[in-house]
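Open the model in your viewer and keep the sequence panel beside it. Each stop below gives a selection and then what is found there.

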Amino acid sequence: MASRTQSNGCSFCLEPQFKQEEEIKSPGIEKDDEASVEASPNRDMTTYSQHYFGSIKDGFSISIIENMKEEYGLFVWPSSVILAEYVWQQKSRFSGANVVELGAGTSLPGLIAAKVGADVTLTDDLSKAEIRLQCFSGDNFRVGLIDDVKQTEVLSNMRRVCSINDIKCKVMGVRWGVFEDPIFTLHPKIILGADVLYDASGFDDLFSTVTYLLQKCPDSVFITTYHNRSGHHLIEFLMEKWRLKCTKLLDGFSFLPPHKASKLSGDIQLAEIVLDEMCLR
């Protein structure tokens, strides 16, 4: 279980997460309120989990499609649950805002933002999708010549999740660290990222993308949740390199309702990151 103490500094540390999150079972907005998990008819390792936010009076639930195939990474990780809860608790801040979720995967935080009134674009790192496709297509696959990104499993799953929850979100692939369409069309006020800081080889590309998006909209912010482990020196270095600063750092369990916290483990932090205007002068 994570430490419940709130952090006052902005020291980052993390390492790859390998342990799969257990299915969330928590009190919600119905009497029979445990999260439901059922196998799909074709038994292709697909499950459905239900996530509740708020009360009977003002709450709602979100259905998430998860795929246990390791190469897809379509799990609802604890960092995603915590970031989604933060969005819910800050719903007035998100209402009417232009929001982009990076590395959305199962998209829980972005879906909550859309439910509370944000204009949301869900994205996944397209370069990862290309690697997956290259593995499946063999010698016939050529990187950069994807006719239809809908065919990647993660992006297709995002569309299905939006559909079953009757939520309208834009869905697109974005190459981290590469500045080309469709990233030019994005102008987010808030950037979300749950567990996007897990592969050190991609940190620089992620921070370059975040910096570019922050520069496009005044007073924009990147809100991310991550496991507090080793590797903080690299993150601090990259923040300095890309002229970013941390304005808020919280223990992820400090604001999580007890019935949800009891089902999660890890040492997870939430950080709000903005452009360092002093460095930009």
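Start with N157, which sits in helix α5. This is a predicted model. With a relative accessibility of 1%, N157 is buried. Show its surroundings: beyond its neighbours within four places in sequence, N157 contacts I65 and L74.

**Across to β2**

Select S63, in strand β2. S63 is buried too, at 18% relative accessibility. Draw a line from its C-alpha to that of C162: the distance is 9.2 Å, although 99 residues separate the two in sequence. Which residues does S63 touch, beyond those within four places in sequence? They are S49, Q50, V161, I164 and N165.

**The cysteines**

Stay with C162 and add C169. Why is there no bond between them? Their sulfurs are 4.1 Å apart, too far for a bond, and C162 holds the cysteine sulfur closest to that of C169. The cut-off for a disulfide is 2.5 Å. The whole structure has zero disulfides. C169 is buried, with 18% relative accessibility. Select C217 as well: at 17%, C217 is also buried.

**Helix α1**

Select residues 78–89, helix α1. Its 12 residues should span 16 Å at 1.5 Å a residue, and the end C-alpha atoms lie 17 Å apart, which agrees. Is this helix mostly covered or mostly open? Mostly covered: 11 of the 12 residues are buried. Colour them by accessibility; among the buried ones are P78, I82, E85, Y86 and W88.

**The sheet**

Now show strands only. Seven of them form an open sheet with mixed pairing, in the order β5-β4-β3-β6-β7-β9-β8. The edges are β5 (170–174) and β8 (244–251). Each edge strand has a single partner, so one of its sides has no neighbour in the sheet. Look along the sheet for the twist, which averages 20 degrees from one strand to the next.

Add helix α3, residues 108–115. Helix α3 packs on the sheet and touches β3 (98–101), β4 (119–125) and β6. The directions of α3 and β4 make an angle of about 170 degrees.

Walk the pairings from the β5 edge.

- β4 and β5 run parallel, joined by five bridges. Pick D125: its bridge partner in β5 is V174.
- β6 (residues 190–194) and β7 (residues 221–227) are also parallel, with five bridges. Pick L192: its partner in β7 is I223.
- β7 and β9 are antiparallel, over six bridges. Pick Y226: it stands opposite Q269 in β9.
- β8 and β9 are antiparallel as well, over seven bridges. Pick K248: it stands opposite E272 in β9.

How enclosed are these strands? In β5, four of the five residues are buried, so this strand is largely enclosed by the rest of the structure, edge position notwithstanding. In β9 (residues 268–275), eight of the eight residues are buried, so β9 is largely enclosed too.

**The cores**

Hide the ribbon and show nonpolar side chains. The largest nonpolar core has 49 residues. Which of them touch the most other members? Select F94, V99, L108, L111, I112, L122 and I223. At least two residues of this core come from each of β2 (60–67), α1, α3, β4, α5 (153–164), β6, β7 and β9. The largest share is that of α1, with seven residues.

Centre on F94. Residues up to four places away in sequence aside, F94 touches V87, V99, A113, V116, G117, A118, I190, L192 and I223. Two of these names are familiar: L192 and I223 are the bridge partners picked earlier in β6 and β7.

Last stop: a second core lies apart from that one. It holds 27 residues, including M239, C246, L249 and L275. Select these four to finish the tour.

Methods: Residues are numbered from 1 along each chain as its sequence is written. This is a predicted model: local features need pLDDT of at least 70, side-chain atom pairs count only at pLDDT 80 or more; totals for chains, interfaces and linings use all residues. Side-chain values use heavy atoms; hydrogens and water are left out. Buried means under 20% relative accessible area, exposed over 50%, partly exposed in between (1.4 Å probe, protein chains only). The expected span of a helix is 1.5 Å times one less than its number of residues. Two strands pair if DSSP finds at least two bridges between them. Axes are lines fitted to C-alpha atoms, for helices over the stretch in contact, and angles run from 0 to 180 degrees between N-to-C directions. Contact means heavy atoms within 4.5 Å. A nonpolar core is a set of buried Ala, Val, Leu, Ile, Met, Phe, Trp, Tyr and Cys residues joined through side-chain atoms within 4.5 Å.
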